[in-house]
Amino acid sequence: MAVEADTQQGRVTGRVWTVRLAPYGRPSAGTVRLSCSRPACADQRFTTAAQARKGAVEHVNGHLAHVRSGGGPRGDVWCACRAADCAWHTPDTLDGHRGGARPAAAAVRCGGPVVLTVHADRAGRLWRIAETCARCAAATGDCRVLDTAPPPPRTAPAGPAPDKAAPQGGPAGRAAEPSGPVGGATAVFSDHTPVTATPSSPPTVPAARTTSPGDASPQPQQEGKIAQRAVPHDLRPDSLRVELIELGDEFRAYQQRTAPDLSLLADLHDRKAVAFAQWADVTGDGSLRREAHRARKAAQTTREMHENRCGGPGGAAASGDGPPVERLLTRGQAAHARTVLDHVPGLAPSNEAAVHLAVLMLTLRCARTGTGNITGQDLTGWLQEDAERVVEQLVAADWLRLPGTVEEALASRPEDPAAVVVPSLLPDEPCPFAFGKTTRSRISGWAQKASGDRRLRKRKPAAPARLLALYTAAHIRPDGRLGEAGDSAGDGLGLERMSAFCAVPTEELAEHAALLIAADWLTEADVDVEAGTLRGRLAERVWPLGGLL
């Protein structure tokens, strides 16, 4: 750790310790070396990367304990990031100079109190402990502020300057306090003419001076943190600094609530998005703009969650007479689920209901990477006695690839699942779906629960009835009626699209709809073959599985 003296200001640069992990020896050996920039710390070697990361974390914690035992960060040092030309948070410095010179230290707007920070890169190979300014800490990605240095003590203001015309030690050179009436002495003030005091008269005291607003000492600036960032005390405009501090306090107060209030949380995220966008405009920091974008997305998602919990389709939940409905899918996730349902007829290698059901469930397991894990219980739960035949058909068409035989896949257990591959969904192929791993998991769980509904299983439905249950659950309006996306009239579902998805003729849909009514999945169903629509309403018990349009 090098400490440099600043020749102009007489201040030293903040302390920095760097802990690194790097391969050691032959790549096949897997040995990792831990090195520290502190000269007194010897290199360490570990046989596995996990042990090395654990050792690095312990080493960093040791340094932090040493700094805190010594009084914590020092308030009278230069920002260590500025000493490195603010290389820790400029985009062209982590990977070397790429097409431009590093900005000069004088051009970087450092500011705020000195803070103790720890930075860990995303790869888990470098940790850096440093004394930096609050502004550089806020601008550095993956940086956490651990402690803030107390402000340096204020120096006492100097007294009034002595009158140069008066002799040294004369009355004008003494403090501006009235002298007592000692032997008729004369009390002299800097702004008064000499006054002769008599033993019988009290000492003359000047009137109190009125301090102008410009001469008043500045009030101490309020400090705060938000999103693991310290709000600089010199951030301007002042209204932005106050808003950021208040937002941080309100987020921390929300975390202490005993019950969630998603509407309040969404409003906080909206305020955070506006404040961070303004903060980014003031400082030119791209990470603040990305944080603002994440806050906007968080506000949107939180409002969708609030609508899903409180906006039930008619009945007690909608009128406020009953508990809110907690839906399994948000509106966005339900839209992605409908996209998968629409693609099933084109993905399936044959037009058979059991094949469509298997293709749907396997697609949801492997949608993002083309690979997934299944067990024999999954296959038999989806396909019942047709499991072996359908899986063999998918393997023969090269739509599905298994690590072993079909019999081994059917015998696989949860502790040792079968890793299957769907070639058409591998990353090197154009993927028709654009959702993340969380959405994929939610939709897959939704399909599993809907197709395996307990009352539906008691009726021993065939694959077409299970597909119809999934299709109707994915297409409901806030009042529970069935409808298509983009159809505000709500005239039901198109029979042709349902027939293609369920792989049955339109004339047989009425029979499967009657089975859903008997299983209390639908409260009513009207199949109009001439109009080509299915009108109905989802049963109240199935509302949590409903995907709102």
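**View 1. G372 of β11 meets V420 of β12 in this predicted model.** The close-up shows G372 and its bridge partner in β12, V420; like everything in these views, the pair comes from a predicted model. Zoom out a little and you see β11 (residues 371-374) running antiparallel to β12 (residues 418-421), with four bridges between the two strands. The side chains of β11 take turns: G372 and I374 point to one face and are buried, while T371 and N373 point to the other face and are not buried.

**View 2. β1 has antiparallel partners in β2 and β5.** Start with β1 (residues 16-24) and β5 (residues 126-133), an antiparallel pair joined by five bridges. T18 is a handy landmark here, since R128 of β5 stands opposite it. Now look at β2 (residues 31-36), which also runs antiparallel to β1 and is joined to it by six bridges. On that pairing, V19 has C36 of β2 as its bridge partner.

**View 3. V60 of helix α1 sits against V19.** V60 belongs to α1 (residues 49-69). Is V60 buried or exposed? It is buried, with a relative accessible area of 5%. V19, the residue bridged to C36 in the previous view, turns up again here: V19 and V60 are 41 residues apart along the chain, yet their C-alpha atoms are separated by 7.3 Å. Setting aside neighbours within four places in sequence, V60 is in contact with V19, V118, W127 and I129.

**View 4. C110 and C136 come up short of a disulfide.** How far is the sulfur of C110 from the closest cysteine sulfur? The answer is 3.5 Å, to C136, and that is too far for a bond, because a disulfide calls for sulfur atoms within 2.5 Å. C110 itself is partly exposed, at a relative accessible area of 23%. Searching the whole structure turns up zero disulfides. For another cysteine, look at C502, which counts as buried at 0% relative accessibility.

**View 5. Helix α8 has a buried face.** Helix α8 covers residues 331-347, and its 17 residues should span 24 Å at 1.5 Å a residue; the end C-alpha atoms are 24 Å apart, so expectation and model agree. Seen down the axis, the buried residues of α8 fall within an arc of 155 degrees, so they line one face of the helix. Which residues of α8 are buried? They are Q333, A334, A337, R338, V340, L341 and V344. What covers them includes the helices α9 (353-366), α13 (437-451), α15 (463-473) and α16 (495-502).

**View 6. Q333 is a buried glutamine in α8.** This close-up picks one residue of helix α8, Q333. With 11% relative accessibility, Q333 counts as buried, because the cut-off for buried is under 20%. Leave out residues up to four places away in sequence, and Q333 touches L328, T439, R442 and I443.

**View 7. H356 of α9 is packed among many contacts.** H356 lies in helix α9, one of the elements covering the buried residues of α8. Its relative accessible area is 2%, so H356 is buried. Not counting residues up to four places away in sequence, H356 touches V344, P345, A348, S350, N351, L467, A500, F501 and A503. Of these, V344 is among the buried residues of α8. V390 makes another reference point: H356 and V390 are 34 residues apart in sequence and 9.8 Å apart from C-alpha to C-alpha.

**View 8. Three strands, β13, β15 and β14, make an open sheet.** The order across the sheet is β13-β15-β14, with antiparallel pairing. β13 (493-494) and β14 (522-528) stand at the edges with a single partner strand each, so one side of each has no neighbour in the sheet. How many bridges pair β14 with β15 (residues 533-538)? There are six, in the antiparallel sense. One of the residue pairs to look for is V527 with its bridge partner in β15, L534.

**View 9. The whole chain, for context.** Pull back and the protein chain shows 17 helices and 15 strands. It has 549 residues, 39% of which count as buried. Taking contacts between residues at least 6 apart in sequence, 58% join residues at least 24 apart. The chain exposes about 29400 Å², and carbon and sulfur atoms supply 51% of that area.

Technical notes
Residues are numbered from 1 along each chain as its sequence is written. This is a predicted model: local features need pLDDT of at least 70, side-chain atom pairs count only at pLDDT 80 or more; totals for chains, interfaces and linings use all residues. Side-chain values use heavy atoms; hydrogens and water are left out. Two strands pair if DSSP finds at least two bridges between them. Buried means under 20% relative accessible area, exposed over 50%, partly exposed in between (1.4 Å probe, protein chains only). Contact means heavy atoms within 4.5 Å. Accessible areas come from the Shrake-Rupley method with a 1.4 Å probe; for residues, only the protein chains shown count as cover. The expected span of a helix is 1.5 Å times one less than its number of residues. The arc is that of the directions from the helix axis to the C-beta atoms.
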